[in-house]
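Colleague: Please take a close look at one part of this model, the packed core and what sits around it. I would like a single connected account.

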Amino acid sequence: MDTTTNKSISLSQKSTEQIMEEQRIHDVLLLLENLSYREETTVKLILDCLYDVGATNIINQKFHSYFMNGAVKKVARLSKPVFRMIAWRWFKKNCPQLITNWLYEQVSFNKAIIPQAQIVVEQVQIPKDLPVILEHKNREVKNLRSQVRVLIAIFILAITSFGGSFLWLNHKLEQAHLQTLEELQTQLQIRPTSVNNP
C-alpha cells in the first residue's frame, strides 16, 4: 500500500513539474513576441543588415560578369523595402516560436543521441581464374605500350622526312630564284649595250 501512494505522489509531482515547465516556456514565447513588437525598428534594422550581406554574397556567387553583377545589385537595393516587409511578417509569425524552441532545447539538457555509423563489410568473391585474367591484362598493356612506341617512332620519322623534304624543296626554290635573277641581270646588261650600238 505504501508503494502505491509513492507512485501517485511521484506522478502528481511530475505532472505539476511538466505543467509548470509548459507554462514557463509559454511565458518565454509571449515575452519574445512582446519583445519583437516593442523592438520592431531594431528587428527591421537587423533584417536589413542580413539582407545586404546575403544579397551581396549570393549575387557575387551567381553573377561573375562585372556588368551583370552591378545591375543585379542595383535591382537588389530597389527590392529591399519589399524584402523588409515580407521578412518582418515572417519574423513575427515564426521567430518567437523558433527561438523559444531553441532555448527550450538548451535548458532541457537532453543528451543528443548521435547515431553511430554502421560499418558494412561485403564479402567479395575473388574469381579463381584471377591470375590468368591479370596475366592477360598485363600482356594487353605491354602490347599497347609497344604499339605506342612504334607509333611515336613512325611519327618522328614522318616529321623528320617531311621537314627534310621541305628544307630541300626550299633550298631548290631559292637556287631557282637566284638563277632566274642572274639570268634577268645578264639580259638587262645585254640590252643596254645593244641599244647603245645601233
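Modeller: The account goes from confidence to the core, then to the charged pairs, then to the surface.

The model is predicted, so local features need pLDDT of at least 70, side-chain atom pairs count only at pLDDT 80 or more, and totals for chains, interfaces and linings use all residues. Residues are numbered from 1 along each chain as its sequence is written, and side-chain values use heavy atoms, with hydrogens and water left out.

Confidence comes before detail. The protein averages a pLDDT (the predictor's confidence in each residue, 0 to 100) of 82. At least 70 is reached by 86% of the residues. The mean is highest in helix 4, at 90. Helix 1 has the lowest, at 78. Helices are numbered from the N terminus as DSSP runs of H or I, at least four residues long.

Now the core. The largest nonpolar core (buried Ala, Val, Leu, Ile, Met, Phe, Trp, Tyr and Cys joined through side-chain atoms within 4.5 Å) has six residues. They are V43, L47, A87, W88, F91 and C95. Helix 2 (40-62) and helix 4 (80-108) each supply at least two of them. Helix 4 gives the largest share, four residues. In soluble globular proteins, nonpolar side chains tend to be buried together.

Two of these core residues also form a ring pair. The whole structure holds two aromatic pairs (ring centres of Phe, Tyr or Trp, its six-membered ring, within 6.5 Å; planes under 30 degrees apart are stacked, over 60 edge-to-face, the rest tilted). W88 with F91 is a stacked pair, at 6.1 Å centre to centre and 15° between the planes. Both lie in helix 4, three residues apart, or about one turn of the helix. Why do W88 and F91 count as buried? The cut-off is under 20% relative accessible area; over 50% is exposed, and partly exposed lies in between (1.4 Å probe, protein chains only). W88 counts as buried because its relative accessibility is 7%. F91 is buried too, at 16%.

The same two helices are linked by charge: D48 and R84 meet in a salt bridge (side-chain nitrogen of Lys or Arg within 4 Å of a carboxyl oxygen of Asp or Glu), at 2.9 Å, N to O. D48 lies in helix 2 and R84 in helix 4, so the pair ties together parts 36 residues apart in sequence. D48 is buried, at 10% relative accessibility. R84 is partly exposed, at 26%. Side chains of opposite charge can pair when their charged atoms come close.

The count of salt bridges comes to five. Another one joins E40 and K44, at 2.8 Å, N to O. These two are four residues apart in helix 2, so about one helical turn separates them. E40 is partly exposed, at 29%. K44 is partly exposed as well, at 25%. Helix 1 (residues 2-38) has R24 and D27, three residues apart, about one turn. Their side chains meet at 3.4 Å, N to O. D27 is partly exposed, at 31%.

Last, the surface. V148, I152, F155, I156 and I159 make a nonpolar patch of about 500 Å². Patch members have over 30% relative accessible area and no salt bridge; nonpolar side chains are joined within 5 Å, like charges within 9 Å. Areas are Shrake-Rupley values with a 1.4 Å probe. V148 lies in helix 5 (residues 130-196). V148 is partly exposed, at 46%.
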